[in-house]
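Hi,

Here is the structure I promised to pass on. Could you have a look at it before you read my notes below?

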Amino acid sequence: MLRPDTHNSDGFYAELTKRNSGLITAATQARLRSIRVVVAGCGSTGGAAVLPLARTGATRFLLADPDTFDLSNLNRQNATVADIGRNKATVAAEHVLAVNPHADVEVLTGGIRTDAVASLLTPHDIVIDAIDVTSVSGIAAKQALHRAAADGRRPVITAYDIAGCQLIEVFDYRNGGSPLAGRADDKTSPEDVLAALIPPTALPEEILPIVAGGSVAPDSGFPQLAMTAQLFGALVVPVVLRLVDHQPMPARIRVDLFGVTAPPRARLLRRARTLAKLPFVWFAARRSAAK
């Protein structure tokens, strides 16, 4: 078997990315190679983003996550039984280096610290915000990350895997703007933050009973699927490429996998049912939160 020359970084990179030729310009490829990708949260969506970007030609990463893998993560995250108990950022770094041993990968096993995030970001960063906001510390880390990115005018890509729907929002702070568009400034509870950041019309039909309250067992966590988390790995690549080229793009991208795979008539009915149910779901969720 012919083995690559791993000692010559330029030659290795040229061979790794040569099948991109004709689809990604040489100038875009060079820009992708030069920027640093900061991944805050290396679980479901953040973990899915790392390898597609490395395979496409990103070579500089800062990976941050304080959490370790457990068995329930294996239904959707890029880990195996051998990784249970290991730090998520460390495992993601190993995946990058297994593809490109010349990659420059920094790991923060303590995650994003609110008192240090401003000093982490550089002018060459694109940030992927995949921070879990089911805890007060996660909310504080997300808010601090966006404040630092807004102050430093760095773009941030956020991702939410909601049942079969992948929702992406791009905050291109290079053009100015308030952190998280000001929507989560005074929010401290997970329910309020998610309600502020995820528009009700983005929710897919199958998640509505869960949002309304009472459908999740206390020990099972919020339901998530591999197909939705892994979809972010595919979508993040063109988003990053457009950012490095300063090309326009939608501020919000939504792909509903259960919807797009349904026949056209069923898809329309599904969407109509979802929109019709939203007022009742909102009322039920508010009543449940008030109890």
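What follows is a short tour of what turned up, a few places at a time. Keep in mind that this is a predicted model.

**Helix H6**

Let's start with H6, which runs over residues 136-152. Its 17 residues should span 24 Å at 1.5 Å a residue, and the end C-alpha atoms are indeed 24 Å apart, so the two figures agree. Quite a list of its residues is buried, including Gly138, Ile139, Ala141, Lys142, Leu145 and His146. What do the buried residues of H6 pack against? Among the strands there are E1 (36-40), E4 (125-129), E5 (155-162) and E6 (165-172). The helices H5 (117-120) and H7 (190-197) are also on the list. Right after H6 comes Arg153, with a positive phi near 55 degrees.

**Ile131, just ahead of that helix**

Ile131 sits in the loop between E4 and H6. Is Ile131 buried or exposed? Its relative accessible area is 15%, which is under the 20% cut-off, so Ile131 is buried. Leaving out residues up to four places away in sequence, Ile131 touches Gly138, Ala141, Lys142 and Leu145, along with Ala40 and Ile112. Those first four also appear among the buried residues of H6. If you want a distance to try out in the viewer, Ile131 and Pro200 are 20 Å apart, C-alpha to C-alpha, with their positions 69 residues apart in sequence.

**Two alanines to look at**

Most residues other than glycine have a negative phi. Ala163 goes the other way, with a positive phi of about 55 degrees. You will find Ala163 in the loop between E5 and E6, and at 10% relative accessibility it counts as buried. Ala181 has a positive phi of about 55 degrees too, and its place is the loop between E6 and H7. Ala181 is partly exposed, with a relative accessible area of 45%.

**An aromatic pair**

How many aromatic pairs are there? The count comes to one. The partners are Phe171 and Tyr173: their ring centres are 5.9 Å apart and their planes are at 15 degrees, so the pair is stacked. The angle decides that, because planes under 30 degrees apart count as stacked. Phe171 is buried at 8% relative accessibility, and Tyr173 is buried as well, at 1%.

**Glu106**

Glu106 belongs to strand E3 (residues 104-108). With a relative accessible area of 38%, Glu106 is partly exposed. Its contacts, again leaving out residues up to four places away in sequence, are Arg36, Phe61, Leu62 and Leu63. Thr90 is 16 residues from Glu106 along the chain, and their C-alpha atoms are separated by 9.2 Å.

**The second largest pocket**

Last stop: the second largest pocket, with a volume of about 150 Å³. Helix H2 (26-34), E4 and helix H9 (226-244) each give two or more residues to its lining. Which residues of the lining lie nearest the centre? They are Ile35, Pro123, His124, Arg154 and Arg174, out of 13 lining residues. By type, the lining divides into six nonpolar, three polar and four charged residues.

Happy browsing!

Terms used: Residues are numbered from 1 along each chain as its sequence is written. This is a predicted model: local features need pLDDT of at least 70, side-chain atom pairs count only at pLDDT 80 or more; totals for chains, interfaces and linings use all residues. Side-chain values use heavy atoms; hydrogens and water are left out. The expected span of a helix is 1.5 Å times one less than its number of residues. Buried means under 20% relative accessible area, exposed over 50%, partly exposed in between (1.4 Å probe, protein chains only). Contact means heavy atoms within 4.5 Å. On a 1 Å grid over the protein atoms alone, a cavity is a set of points where a 1.4 Å probe fits but cannot get out, and a pocket is an open set with protein on both sides within 12 Å along at least five of seven lines; lining residues have an atom within 4 Å of a point. Grid points are joined across faces, edges and corners, and a volume is the space filled by probe spheres set on the points. Ala, Val, Leu, Ile, Met, Phe, Trp, Tyr, Cys and Pro count as nonpolar, Asp, Glu, Lys and Arg as charged, and the others, Gly among them, as polar. Rings of Phe, Tyr and Trp (its six-membered ring) pair if their centres lie within 6.5 Å; planes under 30 degrees apart count as stacked, over 60 as edge-to-face and the rest as tilted.
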